[in-house]
Amino acid sequence: MKRAVKLMVLAVAVVGSVACEKTIVGKIWDEPKVDFLEESITITAEGGEQIVALNSTGVDNAYIVNYGQDSWETDEEGNMTPKEDWVEIVEIINEYEPQTRALAQWQSGIVIRVKPNDTGAERNATLYARSFTVTDQITVTQAAE
C-alpha cells in the first residue's frame, strides 16, 4: 500500500511539473497590452501631422474608420462612393526600452496626417491599434473652420 501511495505521489509530481508554465528567468510573466494615453484627441481645422501616444506590448496593426457625411460622395442616383480619406496613418513608431518583462512594454506612437477641414462641419474618426490579441481605440475629432 505504501508503495502504491509513493507511486501516486511521484506521478502527480511528474504531471504537475510538466503542466507548469515555463518562466523566463529575470522577467515577469505578462499579458498583451495596448492602451492609448487619451480617450480622444482634437485636431485643429488646419490639419497637419500628429503623434498619438500609446503604451503597448508592440503595435501589430493600426487602422482608421471614418464616420459622417464627409466620408462619402453621393451621385445623382443616390449611390455613394468613398471620398479620399481626410485622416491617414503615416507611421507607427516603437521606442524600445530595456526589457524586464516577458512581453516588452514601451511607449509607442502612431503618426497620423490630417487634411485641412474646409467643410464647415466637425469631422470624426476612430483610430484602432492592436497588440497580439487586444485592441484599443481613440476618437479623432477635427474642428470645423
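Strands in this tour are DSSP runs of E of at least two residues, numbered from the N terminus. The model is predicted.

**The whole chain**

Begin with the entire protein in view. One helix and 10 strands make up its elements, and from the N terminus their order is α-β-β-β-β-β-β-β-β-β-β. Colour the chain by accessibility: of its 145 residues, 26% count as buried. The accessible surface amounts to about 10,100 Å², and carbon and sulfur atoms hold 53% of that area. Turning to contacts with a separation of 6 or more, 68% of them involve residues 24 or more positions apart.

**The four-stranded sheet**

Next, select β2, β10, β9 and β4. These strands form an open sheet in the order β2-β10-β9-β4, and the pairing is mixed. At the edges lie β2 and β4 (61–67), each of which pairs on one side only. From one strand to the next, the twist averages 25 degrees.

Narrow the selection to β2 (residues 40–43) and β10, which pair in the parallel sense over four bridges. Two places are convenient for following this pairing: S40 stands opposite T139 in β10, and I43 has Q142 of β10 as its bridge partner.

Now move to the other neighbour of β10 in the sheet order. Strand β9 (residues 123–131) runs antiparallel to β10, and nine bridges join the two. Select S131 to find V134 of β10 opposite.

**The hairpin and F132**

From S131, step forward to F132, which is found in the loop between β9 and β10. The hairpin of these two strands has two residues between them. What is the sign of phi at F132? It is positive, about 55 degrees, although F132 is not a glycine. As a rule, most residues other than glycine have a negative phi. Display the surface here as well: F132 has a relative accessible area of 39%, and because this value lies between 20% and 50%, the residue is classed as partly exposed.

**T141 in β10**

Follow the chain along β10 (residues 134–142) to T141. Is T141 buried or exposed? Its relative accessible area is 12%, which is under 20%, so T141 counts as buried. Show the side chains of T141 and N124: a polar contact of 2.8 Å links them. Then expand the selection to the contacts of T141, leaving aside neighbours within four places in sequence. They are I41, T42, I43, E122, R123 and N124. Of these residues, I41, T42 and I43 fall within the range of β2, while R123 and N124 fall within that of β9.

**I112 in β8**

Finally, select I112, placed in strand β8 (residues 106–114). Its relative accessible area is 0%, and I112 is therefore buried under the 20% cut-off. Which residues are in contact with I112, apart from its neighbours within four places in sequence? They are I41, G48, E49, Q50, V52, I64, V87, E88, I89, V90, L127 and V140. One of them, I64, merits a distance label: I112 and I64 are 48 residues apart in sequence, with their C-alpha atoms 9.7 Å apart in space. Return to the four-stranded sheet with these contacts still displayed. I64 belongs to the range of edge strand β4, I41 to that of β2, L127 to that of β9 and V140 to that of β10. I41 also appears among the contacts of T141, and it can serve as a link between the last two stops of the tour.

Note on methods:
Residues numbered from 1 in each chain as written. Predicted model: local features only at pLDDT ≥ 70, side-chain atom pairs only at ≥ 80, totals over all residues. Heavy atoms only, no water. Buried < 20%, exposed > 50% of the residue type's maximum accessible area, 1.4 Å probe, protein only. Polar contact = N/O pair within 3.5 Å; in protein donor to acceptor, adjacent residues only side chain to side chain. Contact = heavy atoms within 4.5 Å. Pairing = 2+ DSSP bridges. Areas by Shrake-Rupley, 256 points an atom, 1.4 Å probe, with all protein chains shown as cover. Axes fitted to C-alpha atoms, helices over the stretch in contact; angles between N-to-C directions.
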